[in-house]
Amino acid sequence: MFAWLHPGPNLPAPIHQAFRADLLAAYRLEGDDGAWLVAAKSGLVRVANDGTKTPLCTWDEVERAAWDGQERKFTINLTNASSSEYILAQPTNKAERERLDQLARTLRQQVERAIVVRRDNVSLGDGALATITIRRRSDGSLYCLSLIESDDALNEEQLATLKQAETQTKLSVGLTTPQD
């Protein structure tokens with residue numbers, strides 16, 4: 001079923017050794033000293049040619065992801081407002097094109113799975129806006145995340161409105177505990 005997970009002639013052993021059953025897809029980064037961009041069950045990881053892993057993000061930290069096929073570039077925007085771009089190497093044969101396509105599909109699927117179960121946009125007054133999302137962690141559990149757009153710190157009335165909106169959003173998906 002997952003034939004692309006098995007080591008092939010073009011997938012280095014350190015990639016498989018570093019991830020084993022957690023590997024979903026992988027592809028070489030452009031010019032990055034033999035490093036690979038790896039989609040693992042837990043998130044996106046950069047793997048050096050010696051097998052050293054550098055976690056880049058978990059799937060639920062991704063606010064938005066875009067793939068530019070012509071430039072072979074992934075742009076990942078995180079919930080903390082940072083973004084990163086990853087340029088992938090030019091495929092040289094059919095197997096590499098298939099591996100690149102698999103990574104693109106896997107990234108899309110993992111981001112879509114984790115990104116939002118529910119999204120509510122709420123006006124907090126005085127131009128402040130909140131986007132309240134229910135997101136899914138890699139273990140399947142749900143949690144609430146609020147992203148605020150405001151020029152100033154929120155006042156007490158805005159904070160109360162935000163808290164009420166968060167509670168309503170949580171209840172709409174069955175999250176009722178304070179830590180959710």
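Start with C144: its relative accessibility is 15%, so it counts as buried, the cut-off being under 20%. C57 sits at 8% relative accessibility, so it counts as buried too. Keep in mind that this is a predicted model. As for cysteines bonding to each other, a disulfide is a covalent bond between the sulfur atoms of two cysteines. The count of disulfides here comes to zero.

Now step back and take in the whole chain. It has 180 residues, of which 38% count as buried. Measured out along the principal axes, its C-alpha atoms fill a box of roughly 60 × 30 × 25 Å. You'll find three helices and ten strands, and if you walk from the N terminus the elements go α-β-β-β-β-β-β-β-α-β-β-β-α. If you look at contacts between residues at least 6 apart in sequence, 39% of them join residues at least 24 apart.

Let's go to the sheet made by strands 8, 9 and 10. It is an open sheet of three strands, in the order 8-9-10, and the pairing is antiparallel. Strand 8 (118-125) and strand 10 (142-149) are at the edges with a single partner strand each, so one side of each has no neighbour in the sheet. On average, and ignoring direction, neighbouring strands here are turned by 20° against each other. What holds strands together in general? Strands of a sheet pair through backbone hydrogen bonds, either parallel or antiparallel.

Follow the pairing along. Strand 8 and strand 9 are antiparallel and share seven bridges, with G125 standing opposite A128 of strand 9. The hairpin they form has two residues between the strands, and D126 there takes a positive phi near 55°. On the other side, strand 9 (residues 128-136) is joined to strand 10 by eight bridges, again antiparallel. One spot to click on is A130, whose bridge partner in strand 10 is I148. Then there's helix 3 (residues 156-172), which lies across strand 8, strand 9 and strand 10 and runs at about 160° to strand 8.

Next, the inside. In soluble globular proteins, nonpolar side chains tend to be buried together. The largest nonpolar core here has 23 residues, and those touching the most other members are L37, L44, W59, F74, I76, L88 and L103. At least two core residues come from each of strand 1 (23-28), strand 2 (36-40), strand 6 (73-78) and helix 2 (94-115). Helix 2 gives the largest share, six residues. There's also a second, separate core of eleven residues, and V122, I132, L162 and L175 are among them.

Which residues does L88 contact, once you leave aside its neighbours within four places in sequence? The list is Y27, R28, L29, E30, L37, W67, R72, F74, L100 and L103.

Two of those contacts, W67 and F74, deserve another look. The structure holds one aromatic pair, and W67 and F74 form it: the rings are tilted, at 4.3 Å centre to centre with 35° between the planes. Are the two partners buried or exposed? W67 has 33% relative accessibility and so counts as partly exposed, whereas F74 is buried, with a relative accessible area of 3%.

How values were computed. Residues numbered from 1 in each chain as written. Predicted model: local features only at pLDDT ≥ 70, side-chain atom pairs only at ≥ 80, totals over all residues. Heavy atoms only, no water. Pairing = 2+ DSSP bridges. Helix = DSSP H or I, 4+ residues; strand = E, 2+ residues; numbered from the N terminus. Axes fitted to C-alpha atoms, helices over the stretch in contact; angles between N-to-C directions. Contact = heavy atoms within 4.5 Å. Core = buried A, V, L, I, M, F, W, Y, C linked by side-chain atoms within 4.5 Å. Buried < 20%, exposed > 50% of the residue type's maximum accessible area, 1.4 Å probe, protein only. Disulfide = S-S within 2.5 Å. Phe/Tyr/Trp six-rings, centres within 6.5 Å; stacked < 30°, edge-to-face > 60°.
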